[in-house]
Amino acid sequence: MLAPGSSPKWRTRLAPPWGQIYWITCWITLYTTEALPTCPFSCKCDSSKLEVDCSGLGLTSVPLDLPAATRTLLLLNNKLTTLPSWTFANLSSLQRLDLSNNFLDQLPGSIFGDLTNLTELQLRNNSIRTLDRDLLQHVPLLRHLDLSINGLAQLPPGLFDQLPALRSLSLRSNRLQSLDRLTFEPLGSLQLLQLGDNPWECDCKLRGFKHWMEWFSYRGGRLDQLSCTLPKELRGKDMRVVPMEMFNYCSQLEDDASSAGLDVPGPPCTKASPEPAKPKPGAEPEPEPSTACPQKQRYRPVSVRRAIGTVIIAGVVCGIVCIMMVVAAAYGCIYASLMAKYHRELKKRQPLMGDPEGEHEEQKQISSVA
């Protein structure tokens, strides 16, 4: 407001700056509205980072009015138990999603279907027991995945097939007992894998994953301690330092299983066949075709098979030793006969070689002749 008596000249000088400030304010408001048009009730929004923070509000469902341009969505420390498959349908720009410290027990297979730009997913400290095979099929840019402190007992095959960019994976504090190496082979960019605090059974089922762990460590990957729970003799030991010789028996078990699988099972035996008629007294019973179930071959335990193999090998070795002894005896006899013949020839040649006793005998013979 101008003071009384001000000239119109001053009015014209002050008018343009106020107009510019008005238009600048309008542009800022319009930009902010375009970036994050609305912010969900009681959530905190950061327009510069395109972040929506709804953590620690006791939410039982995800807000429906989330801005479509959101890049970071924080929903940790709430009371979420289930999520509909369309929860994140309009958030194609989302890059970071944190659902840690909730009560989620199962996730629909298509819940992340529209999050093609997602790079970080936090599902730590929930009650997730199973994962759908297609859960992560539409997030190829995912780099960090945290599934620790859940109730996972197994991982479905093919879960990580479409995650070539994944760099860190945490599966700590679950109920995992074994893993399949085929599940982890597609993770060519993986650098950090956390598997501690799981009840690992270091048996034949974990042999293939041990091979993968050695390859992962060889190419520079970082892996935390994987302590065995079973069997008893390996309890508390790190799976990585258990020698491969401990799993040699697995090959024999596989061979036994494959050999047993070659037998083609026949039709199941039933007792519905009619009983044969009783023969009349005094008449010879006629032979009838046998309708009884074929008797199954008696299973021989591994110890019996090993004993039979040992006997066969021992017999072959004993036979070879006996043959060698006969050959040695024949060679000794031949050598002894040759040596005896040599000594006889040597005695015959001694008088001709200047033997003094031989010369004395010759002198006696000459004197007697004279």
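In which loop, and between which two strands, is the place of Ala 153? Ala 153 sits in the loop that runs from strand E6 (144–146) to strand E7 (168–170), strands being DSSP runs of E with at least two residues, and helices runs of H or I with at least four, both numbered from the N terminus.

Before I go on, please keep in mind that this is a predicted model, in which local features need pLDDT of at least 70 and side-chain atom pairs count only at pLDDT 80 or more, while totals for chains, interfaces and linings use all residues. Residues are numbered from 1 along each chain as its sequence is written, and side-chain values use heavy atoms, with hydrogens and water left out.

Ala 153 counts as partly exposed, at 45% relative accessibility, where buried means under 20% relative accessible area, exposed over 50%, and partly exposed in between (1.4 Å probe, protein chains only). Leaving aside residues up to four places away in sequence, Ala 153 touches Arg 129, Arg 175, Leu 176 and Gln 177, contact meaning heavy atoms within 4.5 Å. From Ala 153 to Asn 174 the C-alpha distance is 6.9 Å, across 21 residues of sequence.

Let me turn to Asn 78, which lies in the loop between strand E3 (72–74) and strand E4 (96–98) and is buried, with a relative accessible area of 3%. Apart from residues up to four places away in sequence, its contacts include Cys 54, Leu 57, Asn 101 and Phe 103.

Finally, Met 324 belongs to helix H5 (residues 302–349), and with a relative accessible area of 56% Met 324 is exposed.
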